[in-house]
Amino acid sequence: MTAFNIVRFRVKPGREDQFVDEHRKAKADFPGMQRAALVKTGERAFCIVGEWESMASIVGAREQMIALLDRFRDTLEDLGSGLGLTDPVSGEVVVEMKR
């Protein structure tokens with residue numbers, strides 16, 4: 001069953017270009033990943049959205065995703081409220097809407 005993961009980030013002032021460049025350079029060759037998009041959601045605020053074949057694919061790629069995060073971790077600002085540097089969620093699709 002198709003699954004998605006979404007991770008929210010806030011980038012330190014003056015580090016947006018580096019953050020975006022690291023994502024441009026990234027190879028989306030995670031087994032089971034169908035596609036991913038980095039979305040700017042506000043001032044220094046971003047989310048990455050990944051579409052996967054299954055939750056098992058997401059779980060299987062966690063180590064690789066953490067290794068990618070380590071490449072730009074120093075560009076991130078703490079989100080506050082005890083969240084740390086990222087706010088990740090994931091789950092299986094329960095309703096799909098198409099045009």
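Start at the largest pocket of this predicted model: 30 residues line it, and the ones to select are Asn5, Val7, Phe9, Ile48 and Met65, which lie nearest its centre. Show the pocket as a surface if your viewer can do that. Its volume comes to about 610 Å³.

Now colour the lining by class. You should get 22 nonpolar residues, five polar ones and three charged ones. Next, colour by secondary structure instead. Which elements each supply at least two residues of the lining? They are the strands β1 (3–10), β2 (33–42), β3 (45–52) and β4 (87–92), together with the helices α1 (16–25) and α2 (55–72). Pick out α2 from that set: with seven residues, α2 gives the most to the lining.

**The strands**

Hide the helices for a moment and select β1 and β3. These two run antiparallel and pair over eight bridges. For a landmark on that pairing, click Phe9, then look across to Phe46 in β3, which stands opposite. Phe9 is also one of the residues nearest the pocket centre, so keep it displayed as you go on.

Add β2. Its pairing with β3 is antiparallel as well, again over eight bridges. Follow the two strands to where Gly42 stands opposite Ala45 in β3. You're at a hairpin here: two residues sit between β2 and β3. One of the turn residues is Arg44, in the loop between β2 and β3. Check its backbone: phi is near 60°, a positive value in a residue that isn't glycine. As a rule, most residues other than glycine have a negative phi.

**Asn5, back at the pocket**

Return to β1 and select Asn5, which has its place in that strand. Is Asn5 buried or exposed? Asn5 is buried, because its relative accessible area is 8%, under the 20% cut-off. Show side chains around it and you'll find a polar contact of 2.7 Å between the side chains of Asn5 and Trp52. Expand the selection to residues in contact with Asn5, leaving out its neighbours within four places in sequence, and you pick up Ile48, Val49, Gly50, Trp52, Ile58, Met65, Val89 and Ser90. Ile48 and Met65 from that group also belong to the set nearest the pocket centre.

**Over to the helices**

Bring the helices back and use Trp52 as the stepping stone to Ser57. Ser57 sits in α2 and, with sequence neighbours within four places left aside, is in contact with Pro31, Gly32 and Trp52. At 12% relative accessible area, Ser57 counts as buried, since that is under 20%.

Then jump to α1 and select Asp21. How does its accessibility compare with the cut-offs? Asp21 is at 38%, so it falls between 20% and 50% and counts as partly exposed. From here, draw a distance from the C-alpha of Asp21 to the C-alpha of Thr86: the two are 65 residues apart along the chain and separated by 18 Å.

**Last stop: the loop before β4**

Select Ser81, in the loop between α2 and β4. Its phi is positive, about 55°, although Ser81 is not a glycine. Turn on the surface once more: Ser81 is exposed, because its relative accessible area of 80% is over the 50% mark.

Technical notes. Residues are numbered from 1 along each chain as its sequence is written. This is a predicted model: local features need pLDDT of at least 70, side-chain atom pairs count only at pLDDT 80 or more; totals for chains, interfaces and linings use all residues. Side-chain values use heavy atoms; hydrogens and water are left out. On a 1 Å grid over the protein atoms alone, a cavity is a set of points where a 1.4 Å probe fits but cannot get out, and a pocket is an open set with protein on both sides within 12 Å along at least five of seven lines; lining residues have an atom within 4 Å of a point. Grid points are joined across faces, edges and corners, and a volume is the space filled by probe spheres set on the points. Helices (H or I, at least four residues) and strands (E, at least two) are DSSP runs, numbered from the N terminus. Ala, Val, Leu, Ile, Met, Phe, Trp, Tyr, Cys and Pro count as nonpolar, Asp, Glu, Lys and Arg as charged, and the others, Gly among them, as polar. Two strands pair if DSSP finds at least two bridges between them. Buried means under 20% relative accessible area, exposed over 50%, partly exposed in between (1.4 Å probe, protein chains only). A polar contact is a pair of N or O atoms within 3.5 Å; within protein, one must be able to donate a hydrogen and the other to accept it, and residues adjacent in sequence count only if both atoms are side-chain atoms. Contact means heavy atoms within 4.5 Å.
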